[in-house]
Structures are given as structure tokens and as C-alpha cells.
Amino acid sequence: MARYVDGFIVAIPTKNVEAYRKLARKAGKVWMEYGALEYVECIADDVKPGKLTSFPQSVKLKADETVAFSWITYKSRKHRDTINKKVMADPRLEAMMDMKNLPFDGKRMIFGGFKAIVEL
């Protein structure tokens, strides 16, 4: 059965990458504790602006920022919904839910849920 994936792209001020890493480790542990199959956070290494679209353009990247690309995998959308309900109610992540406490601009975050159609 195909998995379900939540995907995220954010712009992070370069000076906040370590703070983002700490936040991601904390969040990832909670997601995994509640049953996520995989939690991955990546920082741009070879990401260039495109002519029409690109990762930098998608988040209106500024000169002092970098792009993070992340995903969480689940057994199904129902599994994702069950886990996310528990995660969002977890007091360990309460501060994370406040947009003022994030080490990035949450207004420029891109996210969505995807059904896997090929898994090799």
C-alpha cells in the first residue's frame, strides 16, 4: 500500500539554522513517537534560482537565508490525520505553534499532503 507524505519548504535565516535544527529534532522525535514512519529535514546544498520557478523563488528567499526541504511519511492519510491530531495537542510542541517563536517566517512556508504513486 502506498504511503502518504507531508512535504514542507521554508526559508530560514542562515543565522537561525542551528535553532531550526534543534526545533526539528524536537518535533521529529514527537512525530516519530506518535507513529510517523519517517521524519526528514534537509538544508539546501545545490539549489539555484530558476528562470520561472525554483525552491528559492517559491519561498521568496532573501540573501541571508537558505531553503529547508522536509517531509514526514505515514502509512496513509488517515494515519497522518491521527498522528497530527496527537502532535498538535502535545504540550512539548506548544511553543512551536506560536508563529512568533519560530526561527523562520512561517508565512512563507509551503506545505501539503501527497499520496505516493511510485515507491521503489
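**Notebook: sheet, pocket and loops**

I began with one pair of facing residues: Gly7 stands opposite Gly112 in E4. The model I am reading is a predicted one.

**Entry 1: the sheet**

I looked up which strands pair. E1 and E4 pair in the antiparallel sense, over six bridges. E1 is also joined to E3, by 10 bridges, and these two run antiparallel as well. E2 and strand E3, residues 65–74, are antiparallel too and pair over six bridges.

I then wrote down the whole arrangement. It is an open sheet of four strands in the order E2-E3-E1-E4, with antiparallel pairing. Strand E2 (38–43) and strand E4 (110–115) are the edge strands, each pairing on one side only. I noted the twist as well: neighbouring strands of this sheet are turned by 15° against each other on average, direction ignored.

What packs on the sheet? I found helix H1, residues 17–33, there, touching strand E1 (4–13), E2 and E3. The direction of H1 makes about 170° with that of E2.

**Entry 2: facing residues**

I listed some partners across the strands.

- Val10 stands opposite Ala68 in E3.
- Phe8 has Ser70, in E3, as its bridge partner.
- Val40 faces Trp71 in E3.
- Glu38 faces Thr73 in E3.

I kept one rule in mind while reading these: in a regular strand the side chains alternate between the two faces of the sheet.

**Entry 3: how covered the strands are**

I checked E1 and E3 for burial. Eight of the 10 residues of E1 are buried, so E1 is largely enclosed by the rest of the structure. E3 is mostly covered, with eight of its 10 residues buried.

I picked Thr66 for a closer look, and its place is in strand E3. Is Thr66 buried or exposed? Thr66 has a relative accessible area of 14% and counts as buried, because the cut-off for buried is under 20%. Which residues does Thr66 touch, leaving out those up to four places away in sequence? I counted off Val10, Ala11, Ile12, Thr14, Val17, Ile43, Ala44 and Leu61.

**Entry 4: the largest pocket**

I turned to open space next. Rolling a probe the size of a water molecule over the atoms shows where empty space is left. The largest pocket has a volume of about 540 Å³. It is lined by 25 residues, and the closest to its centre are Phe8, Trp31, Met88, Met96 and Met109. Phe8 had already come up in the sheet, as the partner of Ser70.

Which elements supply the lining? I found that E1, H1, E2, E3, helix H3 (77–89) and E4 each give at least two residues to the lining of the largest pocket. By residue kind, the lining divides into 16 nonpolar, six polar and three charged.

**Entry 5: Ser58 and Lys60**

I moved to helix H2, where Ser58 lies. Ser58 has 32% relative accessibility and counts as partly exposed, because that value falls between the 20% limit for buried and the 50% limit for exposed. Not counting residues up to four places away in sequence, Ser58 touches Ile9 and Ile110. Ser58 and Ile110 are 52 residues apart along the chain, yet their C-alpha atoms are separated by 7.9 Å.

Where is Lys60? I placed Lys60 in the loop between helix H2 (55–58) and E3. At 64% relative accessibility, Lys60 is exposed, because the cut-off for exposed is over 50%. I also noted its backbone: phi of Lys60 is near 50°, a positive value in a residue other than glycine.

**Entry 6: Lys107**

My last residue was Lys107, in the loop between H3 and E4. Lys107 has a relative accessible area of 76% and is exposed. How far apart in space are Lys107 and Val59? I read 9.2 Å, C-alpha to C-alpha, for two residues that are 48 apart in sequence.

Methods:
Residues are numbered from 1 along each chain as its sequence is written. This is a predicted model: local features need pLDDT of at least 70, side-chain atom pairs count only at pLDDT 80 or more; totals for chains, interfaces and linings use all residues. Side-chain values use heavy atoms; hydrogens and water are left out. Two strands pair if DSSP finds at least two bridges between them. Axes are lines fitted to C-alpha atoms, for helices over the stretch in contact, and angles run from 0 to 180 degrees between N-to-C directions. Contact means heavy atoms within 4.5 Å. On a 1 Å grid over the protein atoms alone, a cavity is a set of points where a 1.4 Å probe fits but cannot get out, and a pocket is an open set with protein on both sides within 12 Å along at least five of seven lines; lining residues have an atom within 4 Å of a point. Grid points are joined across faces, edges and corners, and a volume is the space filled by probe spheres set on the points. Ala, Val, Leu, Ile, Met, Phe, Trp, Tyr, Cys and Pro count as nonpolar, Asp, Glu, Lys and Arg as charged, and the others, Gly among them, as polar. Buried means under 20% relative accessible area, exposed over 50%, partly exposed in between (1.4 Å probe, protein chains only).
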